[in-house]
Amino acid sequence: MKLKSMMALGLMLSQSALASEKPLFKIGVQTAGTLDWELSVLPKSDDFEVQIQTIATAEAAKIALQSGAVDMIVSDWLWVSQARQTGADFTLYPYSTASGALVVRADSPIQSVADLAGKRLGIVGGELDKNWLLLQAVAQKEAIDLNTKTEKTFGAPPLISEQLKNQRVDAVLTYWHFAAQLQAQGYKQLLDGKALQEKVGIQEMVPTLGYVFKESWGNAHKTALTAFFKATTQAKNSLCSDDALWGKTTAKMPFAPSVLRERYCEGRVSTWTMTNQHAAQELYHALYQLSPKIGAKPELSQGTFWTAE
């Protein structure tokens with residue numbers, strides 16, 4: 001009886017340990033990204049654990065997710081829709097509305113998108129980058145084809161910033177945090193992604209980036225994943241309200257100007273409803289009309305956006 005009791009107790013303890021084991025989320029974090037900030041101040045949780053895996057580039061992050069090396073990355077919904085059209089089951093939950101921006105020198109004669117005609121333009125990303133497609137769509141409304149009317153240079157954010165500083169390009173279309181750092185150094189931001197969206201008729205908030213993961217994986221971890229998203233919101237709010245925490249978190253950066261924090265905090269997702277998702281569909285359709293290469297269909301793939309409900 002004593003042996004049986006000990007065995008039963010051991011079984012109960014084993015089952016209890018398994019029941020209390022928290023899911024481990026392996027998250028790919030880019031070295032030049034902002035996700036690392038909030039993950040470093042993420043509140044402790046009984047529902048999940050986070051393991052950060054540093055990744056060099058956006059493309060490397062996508063490869064890591066596709067191979068299963070990580071469970072989650074931050075990317076854009078345009079790529080998620082493209083992936084779903086080829087059979088992948090990736091889905092997205094909004095991370096930030098902060099987006100790219102068009103930046104010029106403070107004394108630049110460029111005052112509008114129309115003024116880019118005949119100028120040298122540095123572009124972060126590739127030919128199908130959402131910000132680049134948006135800028136072209138805005139220019140098209142003024143009967144300007146930026147593909148033929150500008151001298152284009154594509155490259156990584158640090159390279160494109162240096163091109164502007166060395167006057168090898170006249171304007172740059174870059175990621176928001178690089179735009180904020182340029183602005184802090186005296187450069188002028190003409191338009192951000194939100195303004196570009198509005199110029200093509202999209203008034204509702206559309207997230208620029210989101211947490212991307214396999215839909216099947218997300219559905220299997222709904223409770224833990226929902227708790228994680230709530231914790232990341234809390235972490236963002238803490239960074240935006242606590243000066244000391246912000247300073248400590250960004251201490252490793254060469255400099256973290258106030259405009260960088262301002263843009264980061266402006267990017268918090270305050271609402272995420274079907275109205276916002278419909279706006280994303282409208283934006284996708286506008287981009288598809290400009291460049292059908294962004295997908296096999298004129299509509300966003302069903303399931304592009306994840307919900308725990």
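**Group meeting: a disulfide, a sheet and a pocket**

Okay, let me start with Cys 240, which is buried, at 18% relative accessible area. Before I go on, a reminder that this is a predicted model. The cut-off for buried is under 20%, so 18% puts Cys 240 in that class. What does Cys 240 bond to? It forms a disulfide with Cys 265, with the two sulfurs 2.1 Å apart. Cys 265 counts as buried too, with a relative accessibility of 14%.

If you search the whole structure for disulfides, you get one. Is it left-handed or right-handed? The torsion about the S-S bond comes out at about -110°, so this disulfide is left-handed. As for where the two ends sit, Cys 240 belongs to helix H11, residues 222-241, and Cys 265 to helix H13, residues 258-266. The bond therefore ties together parts that are 25 residues apart in sequence.

Right, on to the sheet. It's an open one made of five strands, and if you walk across it you read S7-S6-S8-S5-S9, with mixed pairing. Which strands are at the edges? Those are S7, at 151-155, and S9, at 188-192, and each of them pairs on one side only. On average, neighbouring strands here are turned by 20° against each other, with direction ignored.

Let's look at one pair in there. S7 pairs with S6, residues 120-124, in the parallel sense, and there are five bridges between them. If you want a residue to click on, try Arg 120, which stands opposite Glu 151 in S7. Then there's helix H7, residues 157-165, lying across S5, S6, S7 and S8. Relative to S7, helix H7 runs at about 140°.

Now the pocket, for those of you thinking about docking grids. The largest one has a volume of about 1100 Å³. It's lined by 45 residues, and the closest to its centre are Gln 30, Ala 58, Asp 129, Tyr 175 and Leu 209. Which element gives the most to the lining? That's H3, with four residues. Elements giving two or more residues also include strands S1 (24-30), S3 (73-75) and S4 (90-96). On the helix side, H4, H5, H7 and H8 are among them as well. So you've met H7 twice now: H7 lies across strands of the sheet, and H7 also gives residues to the pocket lining.

Last topic, a few loop residues, and here the backbone torsions come in. Most residues other than glycine have a negative phi. Ala 143 has a positive one, near 60°. Where is Ala 143? You'll find Ala 143 in the loop between H5 and H6, and it's exposed, with a relative accessible area of 72%. Gln 167 is another non-glycine with a positive phi, about 60°. Gln 167 lies in the loop between H7 and S8, and at 49% relative accessible area it's partly exposed.

One more loop and I'm done. Gly 186 sits between H8 and S9, and at 41% relative accessibility it counts as partly exposed. Along the chain, Gly 186 and Val 104 are 82 residues apart, while their C-alpha atoms are separated by 9.7 Å. For orientation, Val 104 is at the end of S5, which covers 101-104.

That's what I had, so over to you.

Notes. Residues numbered from 1 in each chain as written. Predicted model: local features only at pLDDT ≥ 70, side-chain atom pairs only at ≥ 80, totals over all residues. Heavy atoms only, no water. Disulfide = S-S within 2.5 Å. Buried < 20%, exposed > 50% of the residue type's maximum accessible area, 1.4 Å probe, protein only. Pairing = 2+ DSSP bridges. Axes fitted to C-alpha atoms, helices over the stretch in contact; angles between N-to-C directions. Contact = heavy atoms within 4.5 Å. 1 Å grid on protein atoms, 1.4 Å probe; cavity = no way out; pocket = protein on both sides within 12 Å on 5 of 7 lines; lining within 4 Å. Points joined across faces, edges and corners; volume = space filled by probe spheres on them.
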